[in-house]
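User: I am new to this structure and would like to be walked through it with questions and careful answers. Could you begin once it is on view?

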Amino acid sequence: MAVRLLRPASQETYDKVFGMVYVGLMANVLLAVGCSPLLLALAVVRDPLASWPFFVVLSGFCAPALAGVFGCFAALGDGPPTVWRPFVTAYRRAAGRAVAVWFGGAAVVAVLAFDAVAVARTSWGPALVPFFVTASVLVVATVIAVVLVLATGSNPVRVRALLWPCLCLVARRWYLGLANVVVLGLAVAIVLAQPLVGLLVACAPLLYVVFGNSRAITAPLSGQ
């Protein structure tokens with residue numbers, strides 16, 4: 001009895017695939033537009049590290065843009081693929097609080113970096129390097145988790161009510177938080193090395209991984 005090894009995919013499968021590709025491409029475009037002040041500054045300034053406080057301030061535009069992309073991903077499967085409405089809804093819902101959390105996390109990471117540089121000059125400094133690295137990863141992963149909850153939560157929640165629960169959940173599933181930081185670092189590296197490829201192709205798949213991991217981390221808060 002002959003067995004058909006290759007069966008044509010159903011129309012529904014094709015619709016889902018093309019819908020995901022469409023959402024990914026449009027989410028990349030909206031993300032680039034939301035982060036355009038930072039991207040333009042990076043294109044103009046030759047040595048960003050020399051003016052890092054200025055770029056930290058401009059990075060605040062990434063917080064609501066990231067929330068908007070998370071909103072697009074969360075809307076996948078809820079009918080026909082749409083991008084603009086879920087992006088704008090999540091952007092408006094989380095904008096102010098996401099920026100506050102973003103800058104708070106940036107301030108903590110900056111303090112940890114300064115302390116690490118100061119301590120590294122001592123004889124016992126290298127022994128504390130794992131602490132600073134772990135603390136920085138924990139802060140970044142927590143900020144991402146909070147932004148996700150702010151963008152996709154059904155009810156408005158104060159940031160103070162989210163920080164500690166998200167921190168505990170990230171610590172509990174530290175491997176997912178670490179994966180998020182690595183994937184975000186990869187996305188940033190691709191954008192800096194190949195801006196066109198990174199912004200229009202690579203960002204959406206990588207951010208979808210971050211979205212999935214963060215959703216798994218914050219699953220106990222899904223009712224908020």
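The questions and answers below go through this predicted model.

User: How many helices and how many strands does the chain have?

Analyst: This is a predicted model, so each statement here concerns computed coordinates. From the N terminus on, the elements run α-α-α-α-α-α-α-α-α, and the C-alpha atoms fill a box of roughly 75 × 45 × 40 Å along the principal axes. The count for the chain is nine helices and zero strands.

User: What share of the contacts with a separation of 6 or more comes from residues 24 or more positions apart?

Analyst: The chain has 224 residues, of which 38% count as buried. Among the contacts in the chain with a separation of 6 or more, the share that comes from residues 24 or more positions apart is 75%.

User: Which helix gives the most residues to the largest nonpolar core?

Analyst: The largest nonpolar core has 57 residues, and the members that touch the most other members are Leu31, Val69, Phe70, Leu162, Cys166 and Leu207. With 11 residues, the helix that gives the most to this core is H6, residues 129-152.

User: Is Val69 buried or exposed?

Analyst: Val69 has its place in helix H4, which covers residues 62-74. Leaving out residues up to four places away in sequence, Val69 touches Ala27, Leu31, Phe87 and Leu207. Because its relative accessibility is 1%, and the cut-off for this class is under 20%, Val69 counts as buried.

User: Which residues does Leu207 touch, not counting residues up to four places away in sequence?

Analyst: Leu207 is one of the core members that touch the most other members. With residues up to four places away in sequence left out, the residues that Leu207 touches are Leu31, Leu66, Val69, Phe70, Phe73 and Leu184.

User: Where is the kink in H5 centred?

Analyst: Helix H5 covers residues 84-120, and a straight helix of 37 residues would span 54 Å at 1.5 Å a residue, whereas H5 spans only 47 Å between its end C-alpha atoms. Among the buried residues of H5 are Pro86, Phe87, Ala94 and Ala98. The helix has a kink of about 60 degrees, and the residue on which this kink is centred is Ala95.

User: What kind of aromatic pair do Phe131 and Phe132 form?

Analyst: A search of the whole structure finds nine aromatic pairs. The ring centres of Phe131 and Phe132 are 5.3 Å apart and their planes stand at 65 degrees; planes over 60 degrees apart fall in one class, so the pair is edge-to-face.

User: Which residues do ring pairs link into a cluster?

Analyst: Phe70 is among the core members that touch the most other members, and both Phe70 and Phe73 are touched by Leu207. The cluster linked by ring pairs is made up of Phe70, Phe73, Tyr208 and Phe211.

User: Why is there no bond between the sulfurs of Cys62 and Cys35, and how many disulfides does the structure hold?

Analyst: The closest cysteine sulfur to that of Cys62 is in Cys35, at 3.5 Å, which is too far for a bond because a disulfide needs sulfur atoms within 2.5 Å. Cys62 counts as buried, at 14% relative accessibility. Cys203 is in no disulfide either, since its nearest cysteine sulfur, that of Cys35, is 8.3 Å away. The number of disulfides in the structure is zero.

Notes
Residues are numbered from 1 along each chain as its sequence is written. This is a predicted model: local features need pLDDT of at least 70, side-chain atom pairs count only at pLDDT 80 or more; totals for chains, interfaces and linings use all residues. Side-chain values use heavy atoms; hydrogens and water are left out. A nonpolar core is a set of buried Ala, Val, Leu, Ile, Met, Phe, Trp, Tyr and Cys residues joined through side-chain atoms within 4.5 Å. Buried means under 20% relative accessible area, exposed over 50%, partly exposed in between (1.4 Å probe, protein chains only). Helices (H or I, at least four residues) and strands (E, at least two) are DSSP runs, numbered from the N terminus. Contact means heavy atoms within 4.5 Å. The expected span of a helix is 1.5 Å times one less than its number of residues. The bend at a residue is the angle between axes fitted to the seven residues ending there and the seven starting there. Rings of Phe, Tyr and Trp (its six-membered ring) pair if their centres lie within 6.5 Å; planes under 30 degrees apart count as stacked, over 60 as edge-to-face and the rest as tilted.
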